[in-house]
Amino acid sequence: MSTDTLVTLAGVTALAGAPDGPRICGGDDATDVIGAALGHGVGLVVLPVRRLAVEFFTLRTGVAGAVVQKFVNYRLRLAVVGDISGHVGRSTALRDFVVEANRGDQLWFVDTTAELEERLRVEALRQDAGGR
């Protein structure tokens with residue numbers, strides 16, 4: 001099993017979850033990742049889709065809510081990287097959740113690390129321009 005590592009994406013240091021790391025099945029599992037992120041002093045955690053339990057993508061289970069709330073409580077951003085089109089195709093509620101999440105800056109769902117880097121670049125430019 002690989003370990004989570006520090007990476008720099010578009011000038012932002014983040015904790016990147018190892019694809020074969022422990023599966024996150026709820027808030028308690030999220031706390032382990034959050035502790036590691038806080039220990040490294042980063043504000044962004046990047047998790048591959050495969051690290052999230054399938055229940056995360058069925059909103060009625062409450063897993064996504066519990067996990068995301070933990071990150072919010074600790075003021076950490078979360079980026080989920082990978083293809084979730086199969087999950088989104090089965091649930092309009094999840095599709096709407098993803099669309100809303102991607103409008104903000106707390107939780108992003110992206111297909112690739114390159115897409116995440118581009119979002120971080122755009123965010124930095126927006127901040128440099130005074131938040132416009």
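In this predicted model, Arg-75 is exposed, with a relative accessible area of 73%. Arg-75 sits in the loop between H2 and S4. Its phi is positive, about 55°, although Arg-75 is not a glycine. Most residues other than glycine have a negative phi. Ala-10 is a further case: its phi is positive, at about 50°, and it is not a glycine. Ala-10 belongs to the loop between strand S1 (5–9) and strand S2 (12–16). With 30% relative accessibility, Ala-10 counts as partly exposed.

Strand S4 follows the loop that holds Arg-75. Five of the five residues of S4 are buried, so the strand is largely enclosed by the rest of the structure. Its side chains point two ways. Arg-77, Ala-79 and Val-81 point one way from S4. Leu-78 and Val-80 point the other way. In a regular strand the side chains alternate between the two faces of the sheet.

S4 pairs with S3 and with S5. S3 and S4 run parallel and are joined by five bridges. Here Val-45 stands opposite Leu-78 of S4. S4 and S5 also pair in the parallel sense, over four bridges. In this pairing Leu-78 stands opposite Leu-107 of S5. S5 shows two directions as well. Leu-107 and Phe-109 point one way, Trp-108 and Val-110 point the other way, and all are buried.

The largest nonpolar core has 27 residues. Within it, Phe-56, Phe-57, Phe-71 and Phe-109 have the most contacts. Helices and strands both contribute. Helix H1 (27–40), helix H2 (63–73) and helix H4 (92–103) each supply at least two residues of this core. So much is also true of strand S3 (44–48), strand S4 (77–81) and strand S5 (107–110). The largest share of the core, five residues, comes from H2. A second, separate core has 10 residues, including Leu-9, Val-46, Val-81 and Trp-108.

Phe-71 touches several elements. Leaving aside neighbours within four places in sequence, Phe-71 is in contact with Ala-30, Val-33, Ile-34 and Val-45, among others. Its further contacts include Leu-76, Arg-77, Leu-78 and Gln-106.

Phe-71 is also part of the meeting between H1 and H2. The axes of these helices come within 8 Å and cross at roughly 35°. The crossing of H1 past H2 is right-handed. On the H1 side, Gly-27, Ala-30, Thr-31, Val-33 and Ile-34 take part. They meet Ala-66, Val-67, Lys-70 and Phe-71 in H2.

Arg-77 lies in strand S4. Is Arg-77 buried or exposed? Its relative accessible area is 19%, and buried means under 20%, so Arg-77 is buried. The side chains of Arg-77 and Glu-123 are joined by a polar contact of 2.7 Å. Beyond neighbours within four places in sequence, Arg-77 is in contact with residues including Val-12, Gly-43, Leu-44, Val-45 and Phe-71. Asp-105, Gln-106, Trp-108, Leu-120 and Glu-123 are also among its contacts.

Glu-123, the partner of Arg-77 in that polar contact, has its place in helix H5 (residues 113–128). Glu-123 is buried, with a relative accessible area of 10%. Apart from neighbours within four places in sequence, Glu-123 is in contact with Arg-77, Asp-105 and Trp-108.

Gln-106 is another contact of Arg-77. Gln-106 is found in the loop between H4 and S5. At 26% relative accessibility, Gln-106 counts as partly exposed. Its side chain reaches the backbone oxygen of Leu-76 at 2.3 Å. Setting aside neighbours within four places in sequence, Gln-106 is in contact with Phe-71, Val-72, Leu-76, Arg-77 and Leu-78. Gln-106 and Thr-3 are 103 residues apart in sequence. In space, their C-alpha atoms are 24 Å apart.

How values were computed:
Residues numbered from 1 in each chain as written. Predicted model: local features only at pLDDT ≥ 70, side-chain atom pairs only at ≥ 80, totals over all residues. Heavy atoms only, no water. Core = buried A, V, L, I, M, F, W, Y, C linked by side-chain atoms within 4.5 Å. Buried < 20%, exposed > 50% of the residue type's maximum accessible area, 1.4 Å probe, protein only. Contact = heavy atoms within 4.5 Å. Pairing = 2+ DSSP bridges. Polar contact = N/O pair within 3.5 Å; in protein donor to acceptor, adjacent residues only side chain to side chain. Axes fitted to C-alpha atoms, helices over the stretch in contact; angles between N-to-C directions. Left-handed = near helix turned anticlockwise from the far one by under 90°.
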